[in-house]
Amino acid sequence: MSSMSTSALRLRKKKNVKKGIQFCLMVCGASGTGRTTFVNTLCNRSVLSPHPNLDDPSVAHLEEGIKIKPQTIELELDEEGTRVSLTVVDTPGFGDNVDNEACFGEILTYLERLYDDILAEESRIKRNPRFRDNRVHVLLYFVQPTGHGLRELDIELMRRLSPRVNVIPVIGKADSLTPLELAESKKLIMEDIEHYRIPVYNFPYDIEEDDEDTVEENAELRGLMPFAIVGSEEWVEVEGRRVRARQYPWGIVEVENPRHSDFLAIRSALLHSHLADLKEITHDFLYENYRTEKLSKSVSGEPSASMSGMDTSESLDPQSLASQSVRLKEEQLKREEEKLREIEIKVQREIEGKRQELLARESQLKELESRMGRGDYGQGSGVSGQGVGDRGMSAGGYAEGITPGPNAVPGGFGGEEDDDDVLGGGERR
Ligand SMILES: Nc1nc2c(ncn2[C@@H]2O[C@H](COP(=O)(O)OP(=O)(O)O)[C@@H](O)[C@H]2O)c(=O)[nH]1
Ligand SMILES: [Mg+2]
């Protein structure tokens, strides 16, 4: 191969790397439910370091709290070089502490902070070319393989987080359950999700709108919920093939065998078939809701319901949220308009007052001039008062419409003080 074509190839490869579709997955659940193992199985390499020192008695008592650490890796999905730039966010330590309230809060804060970053970037005049959108597109919630339904903690966490992220429930370490137990557990969990109205991501479809294949595929995936997860970092030889599996004295559990786990189904949903949908819902619905909430909050000055951890069922309806936000903004605008109108009227009144004052001074001056020209200054005779009385001026002292007779002494006009005042006014002009 010539050096030219090699560099062209390298360039193309670089472009493909660049074009890797960005996707962000968060894993959440109690310690020991198999999150780390699942992520490493999904990525086919050791992305997350194994388990914290739970076995070490010297540190096991420490309340670690929750540590959220995103990690990004490039995944080549197929031979054609389809790439995903996958960010994995682990939430270690969840459920380890007596007080899980802080954990909920921390995950929620993490999700909202990424939305805030977008909000800030959107409102910049000049965009930051290196800005990276790190919003979480899906959260896999690992339910413990107890064989029962959901625990209170599971319900609480999914309820709190589902307004901010697509939540998909899965059963971790599903090989701990017999097929019957697994089926029963799946049924109980879905009943709980329905009963507590947890808005998980349920592979939405519309029989009227969507094509047959989509409807079938989504219905099938929905039927598998919550997905039974088996992860393994071991390779085992089965009938001459090397596969990821868990080996027990009584047999082998194959990760990618659909009869053993739903791993393949969730993998292909996340990284192929539903990647775009999860991203779209994150942006068009979850982020948009957050944005509306945040903006209407800044208008009304009140904390939003979900921020204070209250029922968010209302905030889930984007239309009512949007109209509420519009209404609040309209009210504020109206108030500001009224204030402006009041100021305008006040200013107009002041201008009119000054204008009248000026006109009065002008006519006083004219009168003074004409009197001086006639040499009858200070005698008060021959003053017609015209233009003074008409404007209702007090300086002339005449009531409106009254023209004094030739000998009348104009009240308040003959005095020295007044004359000075008039002249002074004239000079000031
Ligand atoms: N039986 C079974 N054990 C698993 C599975 N995945 C992980 N484990 C084991 O469960 C323990 C905890 O797994 P880990 O991935 O660290 O769980 P994490 O605390 O949720 O990250 C480890 O000993 C794993 O080997 C699984 O699918 N089935
Ligand atoms: Mg772990």
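## The open sheet

In this predicted model, six strands form an open sheet with mixed pairing, in the order 2-3-1-4-5-6. The edges are taken by strand 2 (69-76) and strand 6 (227-228), each with a single partner strand, so one side of each has no neighbour in the sheet.

At one of these edges, strand 6 runs parallel to strand 5 (residues 167-171), and the two are joined by two bridges. Across this pairing, Ile 171 lies opposite Ala 228 of strand 6.

## Helix 2 and its packing

Helix 2 spans residues 35-43. Eight of its nine residues are buried, so the helix is largely enclosed by the rest of the structure. The buried residues are Arg 35, Thr 36, Thr 37, Phe 38, Val 39, Asn 40, Thr 41 and Leu 42.

These buried residues pack against strand 1 (21-29), strand 3 (83-90) and strand 4 (138-143), as well as against strand 8 (241-248) and helix 7 (263-273). Strands 1, 3 and 4 also belong to the open sheet described above. Just after helix 2, the backbone at Asn 44 adopts a positive phi of about 65°.

## The shell around ligand 1

There are 15 residues around ligand 1, and those that come nearest are Gly 34, Arg 35, Thr 36, Thr 37 and Lys 173. Among these, Arg 35, Thr 36 and Thr 37 are also buried residues of helix 2. Helix 2 gives the most to the shell, with three residues.

By class, the shell has nine polar, four charged and two nonpolar residues.

Key
Residues numbered from 1 in each chain as written. Chains lettered and ligands numbered in written order. Predicted model: local features only at pLDDT ≥ 70, side-chain atom pairs only at ≥ 80, totals over all residues. Near = placed C-beta within 6 Å. Helix = DSSP H or I, 4+ residues; strand = E, 2+ residues; numbered from the N terminus. Nonpolar A, V, L, I, M, F, W, Y, C, P; charged D, E, K, R; others polar. Pairing = 2+ DSSP bridges. Buried ≥ 20, exposed ≤ 12 C-beta atoms within 10 Å, placed from the backbone. Contact = placed C-beta atoms within 7 Å.
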